[in-house]
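User: I am new to this structure and would like a close look at a single part of it. Please take the packing and pairing of its side chains, and go through them slowly.

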Amino acid sequence: MALGADHVSRMQMIEPHTRGAQRLAEQLLGCPQRAADVVQDATEKALTTAHFPARQSAKAWFLQVVRHLCIDQLRRQRKHVDDDVLGSHRAPTEPLDSTLRETAGAVYEALAALPFELRDLIVLRELNECSYKEIAVIVGIAEGTVMSRLHKARLALRSEFKRRTGEDSDDYRS
């Protein structure tokens, strides 16, 4: 069965964002297989919805759909969205030297320990490179609120990372 021109156009708009969507879903669900299913469901929705956005909004729209599907799945599992669903999440598997691998693992563990609403923002901004405006659309909050919550999330991540690594330094080197 051949895809129509509309389906091809929609696929071209969301395809660059599927890897980021997979990352987001894995971070939220803690399971690569369930994440892949959610991304597949979001892709199907993108192909069939009557309310597909304009090209410049496709990334935010697609990640919002993925995020909502993840939250729905977590609710169906009778988990609260602020449960630690990432406790078993692994750091990236790319070849890294041992020090880098340990650091990446500690960062992912610290990220997993954050409350859902803080973890969510960091995943969208740092792992998916979403703009503040895109995050505001995805999460459904004002852009200024995104900035202040993201600041709080970064501080919490830094604190949790230091706690896990035993680092007590208060200097903030760039």
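Analyst: What follows goes from the core to the charged pairs and then to the cysteines.

The model is a predicted one, and a good place to begin is its largest nonpolar core, which has 43 residues, with Leu-24, Phe-62, Leu-63, Val-66, Cys-70, Ile-122 and Leu-124 touching the most other members. Two or more residues of this core are given by each of α1 (5-14), α2, α3 (32-48), α4 (58-76), α5, α6, α7 (132-139) and α8. Among these elements, α4 contributes the largest share, ten residues. In soluble globular proteins, nonpolar side chains tend to be buried together.

Cys-70, one of the residues that touch the most other core members, deserves a second glance. Its relative accessible area is 0%, so Cys-70 counts as buried, and once its neighbours within four places in sequence are set aside, Cys-70 is in contact with Ala-25, Leu-28, Leu-29 and Val-38.

Helix α5 offers another view of how buried residues are covered. This helix runs over residues 98-113, which makes 16 residues, and it reaches 22 Å from its first C-alpha to its last, close to the 22 Å expected at 1.5 Å a residue. Its buried residues are Ala-104, Gly-105, Ala-106, Tyr-108, Ala-110, Leu-111 and Ala-112, and what covers them includes α2 (18-29), α6 (116-127) and α8 (143-165).

The charged side chains come next. Side chains of opposite charge can pair when their charged atoms come close, and the structure holds seven salt bridges. One of them is formed by Lys-59 and Glu-134, whose side chains meet at 3.9 Å, N to O. This pair links distant parts of the chain, with Lys-59 in helix α4 and Glu-134 in helix α7, 75 residues apart. Lys-59 has a relative accessibility of 16% and therefore counts as buried, and Glu-134, with a relative accessible area of 17%, is buried as well.

A second salt bridge brings together the side chains of Arg-154 and Glu-126, at 2.5 Å, N to O. Here too distant parts of the chain are linked, since Arg-154 lies in helix α8 and Glu-126 in helix α6, 28 residues apart. Arg-154 is partly exposed, its relative accessible area being 33%, and Glu-126, at 41% relative accessibility, also counts as partly exposed.

A third salt bridge stays inside one helix: Glu-160 pairs with Arg-164, and their closest N and O atoms are 2.8 Å apart. Because Glu-160 and Arg-164 are four residues apart in helix α8, about one helical turn separates them. An α-helix has 3.6 residues a turn, so residues three or four places apart point the same way. The two partners are not alike in their exposure, for Glu-160 is buried, with a relative accessible area of 14%, whereas Arg-164 is partly exposed at 37% relative accessibility. Salt bridges that share partners also join Glu-109, Glu-160, Arg-163 and Arg-164 into one network.

The cysteines come last. A disulfide is a covalent bond between the sulfur atoms of two cysteines, and a search of the whole structure finds zero of these bonds. Cys-130, like Cys-70, has a relative accessible area of 0% and is therefore buried.

Note on methods. Residues numbered from 1 in each chain as written. Predicted model: local features only at pLDDT ≥ 70, side-chain atom pairs only at ≥ 80, totals over all residues. Heavy atoms only, no water. Expected span 1.5 Å × (residues − 1). Buried < 20%, exposed > 50% of the residue type's maximum accessible area, 1.4 Å probe, protein only. Contact = heavy atoms within 4.5 Å. Core = buried A, V, L, I, M, F, W, Y, C linked by side-chain atoms within 4.5 Å. Salt bridge = Lys/Arg side-chain N within 4 Å of Asp/Glu carboxyl O. Disulfide = S-S within 2.5 Å.
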